Amino acid sequence: MVCGCILEALGYIGRIMSYHNPFGEDAFLLQICCLTIAPAFLAAGIYLTLSRIVITFGPENSRIKPLSYPRFFIPCDILSLILQALGGGMASAASHSNEDPANGNHIMVAGLAFQVFTILVFMFLCADFAVRTVMRMNRMGEAALDPTHATLRRSMTLRLFLVALTLSTICIFIRSVFRVIELAEGWEGSLMKNQTLFIVLEGVMVVIAVLVLNAFHPGLCFREGYVKKPKTERRTGRGLFWQRKPKEEVNEKGSPVQGDV
């Protein structure tokens, strides 16, 4: 999320520079490259939360194992990011050499299109998991859910987080579809010159996605599900885990029994 926000900020700095110098090539390429690849980092943060949600509601309700989600989506996101960055670099190099940047533009569009496809698969798997969870609950009741995280599932913060995650995913998806269409038209396309659509479908969508995920940060929303350890527990010297202090055995008179020497 931090990397995505930094790139977004750099992209809009490029747009401000372009306002003062509309024909400045460096400012133009800065805003095109940064604003194009930034949401890939935001999407990666979204993908990482799905495995935790599956664990919270019960892995039995999912078609695939919880850890398989990040193992699939993160490489896809990295591939999308590489294609967009490679295309942006080629377009930049071609522009500096007064050559046609169409080849780099096509690679950027391919990376964005692959990102749209990945988000679609993510949305499908989220919907599939939700439907399967509801269907199993209708048949089995609470037995369909993991009892370990019952407290977390009852928390309002988790429910708000799920709403925020859904909204941010939709916003990133809308933004990505817009950028695919925009770049596919080329540098002289009508969408590339329409500032109103750009602000609404690019800027506003990203702002909403970032704000809701920060307001309902997963680190805070999942905190209620953590089981607090009693004060009688002590930390061992081996590793970072907790161990209960053993109870003393007593004899028939109520006195502690001495351990073996």
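Here are a few short exercises, each with a worked solution, on the predicted model shown above.

**Exercise 1. Get an overview of the chain: how many helices and strands are there, and in what order do the elements run?**

Step 1. Begin with the count: the protein chain has eight helices and two strands.
Step 2. Then walk along from the N terminus, where the order reads α-α-α-α-α-α-α-α-β-β.
Step 3. Add the packing. Of the 261 residues in the protein chain, 41% are buried.
Step 4. Look at the contacts with a separation of 6 or more: 72% of them join residues 24 or more positions apart.
Step 5. Finish with the surface. The chain exposes about 15,400 Å², and 66% of that comes from carbon and sulfur atoms.

**Exercise 2. Check the span of helix α2 against the distance between its end C-alpha atoms.**

Step 1. Helix α2 covers residues 25–57, which is 33 residues.
Step 2. At 1.5 Å a residue, the expected span is 48 Å.
Step 3. In the model the end C-alpha atoms lie 51 Å apart, in agreement with that expectation.
Step 4. Now step past the helix: Gly-58 follows α2, and its phi is positive, near 120°.

**Exercise 3. Work out why Cys-3 forms no disulfide.**

Step 1. Recall the chemistry: a disulfide covalently links the sulfur atoms of two cysteines.
Step 2. Apply the cut-off, which asks for two cysteine sulfur atoms within 2.5 Å.
Step 3. The closest cysteine sulfur to that of Cys-3 belongs to Cys-5 and is 9.4 Å away, so the pair is too far apart for a bond.
Step 4. Widen the view: the structure holds zero disulfides.
Step 5. Compare accessibility. Cys-3 is partly exposed, at a relative accessible area of 44%, and Cys-126 is partly exposed too, at 22%.

**Exercise 4. Describe the setting of Ser-155: where is its place, and is the residue buried or exposed?**

Step 1. Ser-155 sits in the loop between α5 (150–154) and α6 (156–184).
Step 2. Its relative accessible area is 4%. Buried means under 20%, so Ser-155 counts as buried.
Step 3. Look for partners of the side chain. A polar atom of the Ser-155 side chain lies 2.6 Å from the backbone oxygen of Leu-152.
Step 4. On the other side of the loop in sequence, the Ser-155 side chain reaches the backbone nitrogen of Leu-158 at 3.5 Å.

**Exercise 5. Judge the confidence: what is the mean pLDDT, and where is the pLDDT below 50?**

Step 1. The chain has a mean pLDDT of 81, with 85% of its residues at 70 or more.
Step 2. Residues 229–246 have pLDDT below 50, and this stretch has 12 contacts in the model beyond near neighbours in sequence.

Key: Residues numbered from 1 in each chain as written. Predicted model: local features only at pLDDT ≥ 70, side-chain atom pairs only at ≥ 80, totals over all residues. Heavy atoms only, no water. Buried < 20%, exposed > 50% of the residue type's maximum accessible area, 1.4 Å probe, protein only. Helix = DSSP H or I, 4+ residues; strand = E, 2+ residues; numbered from the N terminus. Expected span 1.5 Å × (residues − 1). pLDDT = per-residue confidence, 0-100. Contact = heavy atoms within 4.5 Å. Polar contact = N/O pair within 3.5 Å; in protein donor to acceptor, adjacent residues only side chain to side chain. Areas by Shrake-Rupley, 256 points an atom, 1.4 Å probe, with all protein chains shown as cover.
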